[in-house]
Amino acid sequence: MSDTQTLIENRPPTVAALFLERVAATPDAEAYRYPVPPAAGQGPDDWKSLSWAQAAERVYAIAAGLIELGVQSEQRVALSSSTRVEWILADLGILCAGAATTTVYPQTKADESAFILSDSESKVLIAENAEQLAKAREKRAELPDLTHVVVIDPAGVETGDWVLTLAELEARGAARLEKDPDLIKERVGAITKDQLATLIYTSGTTGRPKGVRLPHDNWAYMAKAIAATGLISGEDVQYLWLPLAHVFGKVLTSGQIEVGHVTAVDGRVDKIIENLPVVQPTYMAAVPRIFEKVYNGVAAKARAGGGAKYKIFQWAAEVAREYAKVAQDNFRRTGTASVPFGLGAKHKVADALVYAKIREAFGGNLRACVSGSAALAPEIGYFFSGAGIHILEGYGLTESSAASFVNPGEAYRTGTVGKPLPGTEVRIADDGEILLRGPGIMEGYHKLPEKTAEVLEPDGWFHTGDIGELSPDGYLRITDRKKDLIKTSGGKYIAPAEVEGQFKAVCPYVSNILVHGADRNFCTALIALDEASIQAWAKENGLEGKSYAEIVAAPATVEMVDGYVKQLNEGLQRWQTIKKFRLLPRDLDVEHGEITPSLKLKRPVVEREYKHLIDEMYAGSREA
């Protein structure tokens, strides 16, 4: 048996046990960093640290406090908060109490929050602030199982018999631990690997969200398998800003406990650019939208610097892509990422002029980024690769505990999601669907046996709903969601995500794009522009002071985007080309339900919302 297999097969039954092991092994090492905003609201944040022992003290107090509230083994405790250090401490506290965490996005509206709390039969809600508490209060009559709400940030909160603060919960727990010091060790020791650890509700594109049941063993496996890839080590500094209610963010906490590195936690997306030079991470996980925004921002800055500066940027971007493609190709064939002398010389010049500044903006220490949750446009991936920001795409679903595939370090291949994690099996069905089997696969959907049976075969194979292809040496390329494939009235299949990704690499102003064409005789697109970069463009093109809606309605803007659509079409098959498009009057967002909190497009919602624009594009065509 290999060392990797031994590591994975000898895993502890629970992440709670893994946490206790980590605390015992490196009690004084730094575990978490978190920002404390200045009292006056002015100036930079002050970053504080917790050692593993300090984190454990709070985790055990939270666990004992929940036990004091009467929380029993496997009972659900909901967590509705943005990404912050208390989220992680509370989650670990719930697990160490033998209970299970139900995750709720803080952006979730009161009705859907109430559905999740009710469906999961959550006994306690740990709410971030007064706003999250208000949603529970509004729906209290519909939540007979909910006995307590614990509030992290007490500002503006009235406590009472139903509501207490996190500090109060920890104080109760600490008092209980004084009387019963072995309480947590005993609770953790009694948890079995098949016990429910996490209930994550998928933000479905239609109907009610489904609760995905992930037992303790899923997370223990993930922790060991991620460590076995060699992608992270105890020396790393991770910058964690992804929503922890999402499985991608949550899995990053398991790997960290296994190897014991530092994690800097701050979920404020508007602080990413400011935080990177402060945190100086060695690795960071993100969704493609972040890399698209950085790319568009760099391009817009270069353009604002004048024609010569923009030409240098465009030249450097092409050099980066060529360099990355040649280096990756050579690595695949020979094991070394060598490039011809001439290309290397050009790359050196471009590095001094452009790439070094980009790396500096990421904090200067970044070894790699992991990208997941949606497809990254290969041209954007190659650009960053050539600039020395190595983006390792990965793939997984809520139902597979997030990480099923990841690109292997130096041997990564842009445009693929890499190889399966050790211990995960993959096969491609006759219709191209990706099937997965392994210790990361869910137990099933909560209280939905028929839905579970639709995707999970008795022998453990899980139907992902994604279409893909495997290379002879095991790299997976995702081509599309099975249900998102478009079949035109001419019988041609089109993968909209592929076309959308190519457009994002071509047009620096795009925020979101939806390609439409199912049962139609040509393809159209709805395009939303990035507000910051289009405002900068507007300034230079006689539209300064106009609102976003006015800018996108202006003929000059439509003409500019049309130029990029024509550029896109040059690289597409005839039946894939975008014949018509419409610019949306505002960007798509989570609040209107058009994208999920993990920034995935909800196609049916967008198509319903803008049906009039789609109909307008097909009006007068032969099929209308």
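**Figure 1. R33 and its bridge partner in strand 11.** In this close-up of the predicted model, R33 finds its strand 11 bridge partner in A264. Strand 11 covers residues 262–265 and runs parallel to strand 1, with two bridges joining them. Turn to strand 2 and you will meet another partner of R33, namely S49. Here the pairing is antiparallel: six bridges connect strand 1 (residues 30–36) with strand 2 (residues 46–51).

**Figure 2. A nine-stranded open sheet with mixed pairing.** Following the strands across the sheet gives the order 2-1-11-10-12-13-14-15-16. Strand 2 and strand 16 (419–420) are the edges, each pairing on one side only. Within this sheet, strand 10 (residues 237–240) and strand 12 (residues 283–286) run parallel and are joined by two bridges. Look for Y239, whose bridge partner in strand 12 is M284.

**Figure 3. An eight-stranded open sheet, also of mixed pairing.** The order to trace here is 7-6-5-3-4-8-9-19. At the edges lie strand 7 (163–165) and strand 19 (444–445), each with pairing on one side only. Strand 4 (residues 100–104) is parallel to strand 8 (residues 196–201), and three bridges hold the pairing. T102 has L199 as its bridge partner in strand 8.

**Figure 4. Strand 5, covered on both faces.** V124 and I126 point to one side of strand 5 (residues 124–127), L125 and A127 to the other, and all four are buried. Strand 3 (residues 76–80) pairs with strand 5 in the parallel sense over four bridges, and A78 has L125 as its partner there. Strand 5 is also joined to strand 6 (residues 148–151) by four bridges, again running parallel. In strand 6, V151 is the bridge partner of A127.

**Figure 5. An edge-to-face aromatic pair formed by Y509 and W537.** This is one of 15 aromatic pairs in the structure. The ring centres of Y509 and W537 are 6.5 Å apart, and their planes are at 65 degrees to each other. Y509 sits in the loop between helix 17 (496–506) and strand 24 (510–516), while W537 belongs to helix 18 (residues 531–540), so the pair ties together parts that are 28 residues apart in sequence. Both Y509 and W537 are buried.

**Figure 6. Aromatic rings in a cluster, and arginines over tryptophans.** Ring pairs link F291, Y295, Y310, F313, F362, F383 and F384 into a cluster. Two further views show a charge over a ring. In one, the charged end of R140 lies over the ring of W162, 4.0 Å from its centre. In the other, R427 is over the face of W461, 4.7 Å from the ring centre.

**Figure 7. A nonpolar patch on the surface.** I312, W315, V349 and L353 make this patch of about 320 Å². Helix 13 (307–334) and helix 14 (341–361) are the elements that contribute two or more residues to the patch. I312 is found in helix 13. With a relative accessibility of 36%, I312 counts as partly exposed.

**Figure 8. The salt bridge between D236 and R367.** The structure holds 43 salt bridges; in this one, the closest N and O atoms of D236 and R367 are 2.5 Å apart. D236 lies in the loop between helix 9 (216–228) and strand 10, and R367 in the loop between helix 14 and strand 13 (368–371), so the pair ties together parts that are 131 residues apart in sequence. D236 counts as buried, at 3% relative accessibility, whereas R367 is partly exposed at 39%.

**Figure 9. Salt bridges within helices, and a network.** E292 and R289 meet through their side chains at 3.2 Å, N to O. Both lie in helix 12 (residues 288–304), three residues apart, or about one turn of the helix. E292 and R289 are both buried. Another view shows D562 and K566, whose side chains form a salt bridge of 2.6 Å, N to O. These two residues are four apart in helix 20 (residues 555–570), which means that about one helical turn separates D562 and K566. D562 is partly exposed, with a relative accessible area of 26%. Finally, a network takes in D45, D266, R268, K271 and E274, joined by salt bridges that share partners.

Conventions:
Residues are numbered from 1 along each chain as its sequence is written. This is a predicted model: local features need pLDDT of at least 70, side-chain atom pairs count only at pLDDT 80 or more; totals for chains, interfaces and linings use all residues. Side-chain values use heavy atoms; hydrogens and water are left out. Two strands pair if DSSP finds at least two bridges between them. Rings of Phe, Tyr and Trp (its six-membered ring) pair if their centres lie within 6.5 Å; planes under 30 degrees apart count as stacked, over 60 as edge-to-face and the rest as tilted. Buried means under 20% relative accessible area, exposed over 50%, partly exposed in between (1.4 Å probe, protein chains only). A charge sits over a ring if NZ of Lys or CZ of Arg is within 6 Å of the ring centre and within 35 degrees of the ring normal. Patches are made of residues with over 30% relative accessible area and no salt bridge: like charges are joined within 9 Å, nonpolar side chains (Val, Leu, Ile, Met, Phe, Trp, Tyr) within 5 Å. Accessible areas come from the Shrake-Rupley method with a 1.4 Å probe; for residues, only the protein chains shown count as cover. A salt bridge is a side-chain nitrogen of Lys or Arg within 4 Å of a carboxyl oxygen of Asp or Glu.
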